[in-house]
Amino acid sequence: MARTVDDVAHAQRRQCFLEAAGRVIERKGYEQMTVQDVLDDVRQSKGAFYHYFDSKQALVEGLVDDQGRAMFRHLEQRMDAPGLSAVDKLGCLFRESSRVKLERKGLWSALLPMWLSDGNAAVRERASSHVRERLAPWLGQIITEGVAEGVFTTAYPRQVGRMVLAMLEDFRHIVMEVLTTPEPGARDRVQVEQAVAAFHETLERVLGAPPGSLSLLDPADVMAWVDSSHTRPAAPPDPAPTVS
């Protein structure tokens, strides 16, 4: 019993460091954040910090993982609601993911420079792989249900689920290009709108859904990220961990 209590207390103390890191990063940015800033926030010693994390990078990777797990827990709860059709679940998956991330837009925007850093390619790939492993079964199941409901006609629901993830990855690259544009303007907004329209059109064809029946990505939400990424103070580049 004592061991269980110790495990719970250990997890709670570690969580305190993660939450403090999120607050400091949102306030100062990753590049300016120091381990001492986090220690001051939680009023803990360096010894306590290094008991849980061996570096600033490990701390932020832990923060990103924690945010990802919280996201998936939220999605599981929402998609388990009774009475949802396959199209409802697909919409929930996309819209809730966007909504939850937008709620922490300040944090994710502050983490963006290190997410895009060349030094973090391996971390980005691990994060992307984890997302694929979690989302692929969900998408496959949703598409299977949609076929049973008669709204999708594909003969390969689980394989198509993975193809949808590949399409999302390509869409993400387009958004990243816009995010890294020094002064995004009307042309970039048109690019985002066209990418969203192309994604929906391709998705409907792949699933065998009626044209115009799916609207899962909102160009306004995407541009909200672009606008926020160009309103915060510029910071010097610094190789660091990434965001999923």
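Buried denotes under 20% relative accessible area, exposed over 50%, and partly exposed the range in between. The exercises below apply this and related criteria to a predicted model.

**Exercise 1. Determine how arginine 172 and glutamate 169 are paired, and classify the accessibility of each.**

Step 1. The side chains of arginine 172 and glutamate 169 meet in a salt bridge, with an N to O distance of 2.8 Å.

Step 2. Both residues belong to helix α8 (residues 157-179); being 3 residues apart there, they are separated by about one helical turn.

Step 3. Arginine 172 has 22% relative accessibility and therefore counts as partly exposed. Glutamate 169, at 26%, also counts as partly exposed.

**Exercise 2. State how many salt bridges the model holds, and examine two that link separate elements.**

Step 1. The count comes to 12 salt bridges. Side chains of opposite charge can pair when their charged atoms come close.

Step 2. Arginine 104 and glutamate 26 form a salt bridge at 3.6 Å, N to O. Arginine 104 lies in the loop between α5 (86-103) and α6 (105-115), whereas glutamate 26 lies in helix α1, so this pair ties together parts that are 78 residues apart in sequence. Arginine 104 is partly exposed at a relative accessible area of 28%, and glutamate 26 is partly exposed at 40%.

Step 3. In the salt bridge between glutamate 145 and lysine 89, the closest N and O atoms are 3.0 Å apart. Glutamate 145 is in helix α7 (residues 121-149) and lysine 89 in helix α5, so the pair ties together parts that are 56 residues apart in sequence. With a relative accessible area of 15%, lysine 89 is buried.

Step 4. Salt bridges also link Arg78, Glu96, Arg99 and Glu103 in a network.

**Exercise 3. Classify the ring geometry of the pairs phenylalanine 17 with phenylalanine 53 and phenylalanine 49 with tyrosine 50.**

Step 1. The structure holds 8 aromatic pairs. The geometric test requires ring centres within 6.5 Å, and planes over 60 degrees apart count as edge-to-face.

Step 2. For phenylalanine 17 and phenylalanine 53, the centres are 6.3 Å apart and the planes stand at 80°, so the pair is edge-to-face. Phenylalanine 17 lies in helix α1 (residues 2-28) and phenylalanine 53 in the loop between α3 (46-52) and α4 (56-79), so parts 36 residues apart in sequence are tied together. Phenylalanine 17 counts as buried at 3% relative accessibility, and phenylalanine 53 counts as buried at 3%.

Step 3. For phenylalanine 49 and tyrosine 50, a centre distance of 5.0 Å and planes at 90° are found, so this pair is edge-to-face. Phenylalanine 49 is buried at 0% relative accessible area, while tyrosine 50 is partly exposed at 44%.

Step 4. Phe17, Phe49, Tyr50, Tyr52 and Phe53 form one aromatic cluster.

**Exercise 4. Identify the charged residues that lie over the rings of tyrosine 30 and phenylalanine 72.**

Step 1. Lysine 56 lies over the face of tyrosine 30, at 4.0 Å from the ring centre.

Step 2. Over the ring of phenylalanine 72 sits the charged end of arginine 134, 4.3 Å from the ring's centre.

**Exercise 5. Establish where in the chain the confidence of the helices is lowest and highest.**

Step 1. The chain averages a pLDDT of 84, and 90% of the residues score at least 70.

Step 2. Helix α10 (residues 219-229) has the lowest confidence, with a mean of 72, and helix α2 (residues 35-42) the highest, at 94.

Step 3. Over residues 230-244 the pLDDT stays under 50; for these residues the model has 45 contacts beyond four places in sequence.

Key
Residues are numbered from 1 along each chain as its sequence is written. Side-chain values use heavy atoms; hydrogens and water are left out. Rings of Phe, Tyr and Trp (its six-membered ring) pair if their centres lie within 6.5 Å; planes under 30 degrees apart count as stacked, over 60 as edge-to-face and the rest as tilted. Helices (H or I, at least four residues) and strands (E, at least two) are DSSP runs, numbered from the N terminus. Buried means under 20% relative accessible area, exposed over 50%, partly exposed in between (1.4 Å probe, protein chains only). A charge sits over a ring if NZ of Lys or CZ of Arg is within 6 Å of the ring centre and within 35 degrees of the ring normal. pLDDT is the predictor's confidence in each residue, from 0 to 100. Contact means heavy atoms within 4.5 Å. A salt bridge is a side-chain nitrogen of Lys or Arg within 4 Å of a carboxyl oxygen of Asp or Glu.
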